[in-house]
Amino acid sequence: MACFTLFNGSCLLALTILAIILNLIPLFMDYHDGHLFRNSISCYEWWLPGVLGGGILVIPAASMSLAARKGQKCNTRTGFLLSALFSLISVVGAFYCASVSLCSLVKGPLICNTASHSVDNCTFSMEDISSLSKLKFELKWFLEDECGINQTAFETEPTLLPNINVTRVPINESLTIHVVTFTGLLLVAILEVIVSAMQIIVGIYGCFCRSSRRYDSGPV
């Protein structure tokens, strides 16, 4: 069981690193001439779905699971219980990461959202999560040629789109960064939920079954 816990911890650690890297990709694109928010790809990278949801909130579970290789630390009732609790937090974080990523994929990057080209109008709330079931996952913004925007006019006359914070990032590049980042984060979040759920089951089993039999004769 300790080996399985160690395997889960290794998977969570790898997924955590991948989530953080994916989230940082559009954030680096936001940096221009010493300022942030100058090349915003979408509303949602600054909600930190990968850094916070798929990263920071998953680290405790990964750390606790990896501690299984250090002898008996994870092979007690307390260790198994903590592992299950931290994994539950990971599920919450992964759900947050998946929700933000899904909203971002449905709505598309700022450059394709004709109603709002500025992060000033970006919002994300529980309403967005509750309305996910009503949204159509069509990816028209990615499938349509350059979002229907005149690329030449956009590059030569950026003032034609006065509400855009930015920008000199090519439209096709923005589309690619957006879809790669948030599709990757969505897949990472799904895998984190699966691995965390397995660890919750292992933790509960170890706490109430295996550990109780093993440590009945001594202190826990």
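## A tour along helix α8 and beyond

Start by selecting Phe208, which lies in helix α8. The model on screen is a predicted one. Phe208 has a relative accessible area of 59% and is therefore exposed, since the cut-off for that class is over 50%. Now add Phe80 to the selection and draw the C-alpha to C-alpha distance: it reads 9.0 Å, for two residues 128 positions apart along the chain.

**Next stop: Ile204.** Stay in helix α8, where Ile204 is also found. Its relative accessible area is 44%, so Ile204 is classed as partly exposed; that class covers the range between the buried limit of 20% and the exposed limit of 50%. Select Ser83 as the partner here. The C-alpha atoms of Ile204 and Ser83 are 8.8 Å apart, with a separation of 121 residues along the chain.

**Next stop: Met198 and the patch.** Select Met198, again a residue of helix α8. Met198 is partly exposed, because its relative accessibility is 32%. Which residues form a nonpolar patch on the surface together with Met198? Extend the selection to Phe4, Phe7, Leu187, Ile190, Leu191 and Ile194 to see the whole group, whose accessible area adds up to about 630 Å². Colour the selection by element of secondary structure: α1 (2-29) and α8 (171-214) are the elements that each supply two or more of the patch residues. The biggest contribution comes from α8, with 5 residues.

**Next stop: Leu48.** Leave the patch and go to the loop between α1 and α2, where Leu48 sits. What is the sign of phi at Leu48? Phi is positive there, at about 50°, although Leu48 is not a glycine. For the side chain, show the accessible surface: Leu48 has a relative accessibility of 27% and so counts as partly exposed.

**Last stop: α2 against α4.** Select helix α2 (residues 49-56) and helix α4 (residues 77-107), and display their axes. The two axes come within 7 Å and cross at roughly 150°. Is α2 roughly parallel or roughly antiparallel to α4? The crossing angle makes α2 roughly antiparallel to α4, because angles over 145 degrees fall in that class. Rotate the view to look from one helix to the other: α2 passes α4 in a left-handed crossing.

Notes. Residues numbered from 1 in each chain as written. Predicted model: local features only at pLDDT ≥ 70, side-chain atom pairs only at ≥ 80, totals over all residues. Heavy atoms only, no water. Patch = residues over 30% accessible without salt bridge, like charges linked within 9 Å, V, L, I, M, F, W, Y side chains within 5 Å. Areas by Shrake-Rupley, 256 points an atom, 1.4 Å probe, with all protein chains shown as cover. Salt bridge = Lys/Arg side-chain N within 4 Å of Asp/Glu carboxyl O. Helix = DSSP H or I, 4+ residues; strand = E, 2+ residues; numbered from the N terminus. Buried < 20%, exposed > 50% of the residue type's maximum accessible area, 1.4 Å probe, protein only. Axes fitted to C-alpha atoms, helices over the stretch in contact; angles between N-to-C directions. Parallel < 35°, antiparallel > 145°, perpendicular 65-115°, else oblique. Left-handed = near helix turned anticlockwise from the far one by under 90°.
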